[in-house]
Amino acid sequence: MAIQDMSMFKQILAKEKFYVVLIDRKILRDENTDNRLIWSKKEFAESYLKEFNITQYDKIMELDIDRFVTYEMDDILDEEDKFIIEKYENNKGIELEAISFIEEIMSELDDIRIDEFAEDICYESYVYGLTVKGQKQFIIVSEEDASLPNMMTVWSTRKLAEKVQRDDFEEYDIIEVETEVFEEWLEDLKQENIALGINLKSGMIGTITDPKAVLKAMPC
């Protein structure tokens, strides 16, 4: 069975999170293989702890997949690391290459988000972004790493934009443009090598893509 068809893959993809057990602030490992243990549901982790009579641990931690990839994965995982996923009760779990698994999840997630964003802005007819107070132009976020492209951040609803603005960009205002106008901007962004951050979460994490991918996905 392909990874994408497995229920645990679909669960993590749908919820955008997975669960680990922390002991001494480190992710619990399988005692036989020394591979890291992860679960798609908190109750599966609880079942594992009960089955193996593990009572001394810090906590069961919910990990946001975007935050993990952005801030934690490089420090935690090495290229050869593996996960054992969904080991509990009579379920032996599935052993997978850790980084490949995370990359597969993110690839699927990016595709879903691009399609949903493109459909939403066509249906709602507006796109929302951040602007310097008193101006009427979406800001471009510059990366400290010169090798990375600059990025325009956009949201398909005002509510999503307001959450990030409140948490990270209080000094900026939110403005909207018609989808028709935004579509013209996408053509310009393509030429200027500016990436697009779509429906990013607080902390500016989530899907960053090529404007061409959004243009191609737009049904309007």
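In the predicted model, E116 is placed in helix 4, which spans residues 98–124. With a relative accessibility of 46%, E116 counts as partly exposed, because this value falls between the limits of under 20% for buried and over 50% for exposed residues. E116 also belongs to a surface patch of negative charge, in which it gathers with D111, D115, E119, D120 and E124.

Helix 4 also contains I102, which, in contrast to the partly exposed E116, is buried, its relative accessible area being 1%. The C-alpha atom of I102 lies 8.0 Å from that of V69, although the two residues are separated by 33 residues in sequence.

Among the strands, strand 1 comprises residues 17–23 and is largely enclosed by the rest of the structure, because five of its seven residues are buried. Strand 1 pairs with strand 4, formed by residues 59–64, in the antiparallel sense and over six bridges; within this pairing, F18 has L63 of strand 4 as its bridge partner. Strand 1 is likewise paired in the antiparallel sense with strand 2, residues 26–27, here over two bridges, and in this case the bridge partner of L22 is I27 of strand 2. The connection between strand 1 and strand 2 is a hairpin with two residues between the strands, and D24, located in the turn, adopts a positive phi of about 55 degrees. Strand 1 thus has antiparallel pairings with both strand 4 and strand 2.

Terms used: Residues are numbered from 1 along each chain as its sequence is written. This is a predicted model: local features need pLDDT of at least 70, side-chain atom pairs count only at pLDDT 80 or more; totals for chains, interfaces and linings use all residues. Side-chain values use heavy atoms; hydrogens and water are left out. Patches are made of residues with over 30% relative accessible area and no salt bridge: like charges are joined within 9 Å, nonpolar side chains (Val, Leu, Ile, Met, Phe, Trp, Tyr) within 5 Å. Accessible areas come from the Shrake-Rupley method with a 1.4 Å probe; for residues, only the protein chains shown count as cover. A salt bridge is a side-chain nitrogen of Lys or Arg within 4 Å of a carboxyl oxygen of Asp or Glu. Lys and Arg count as positive and Asp and Glu as negative; His and the chain ends are not counted. The place of a charge is taken as NZ of Lys, CZ of Arg, CG of Asp or CD of Glu. Helices (H or I, at least four residues) and strands (E, at least two) are DSSP runs, numbered from the N terminus. Buried means under 20% relative accessible area, exposed over 50%, partly exposed in between (1.4 Å probe, protein chains only). Two strands pair if DSSP finds at least two bridges between them.
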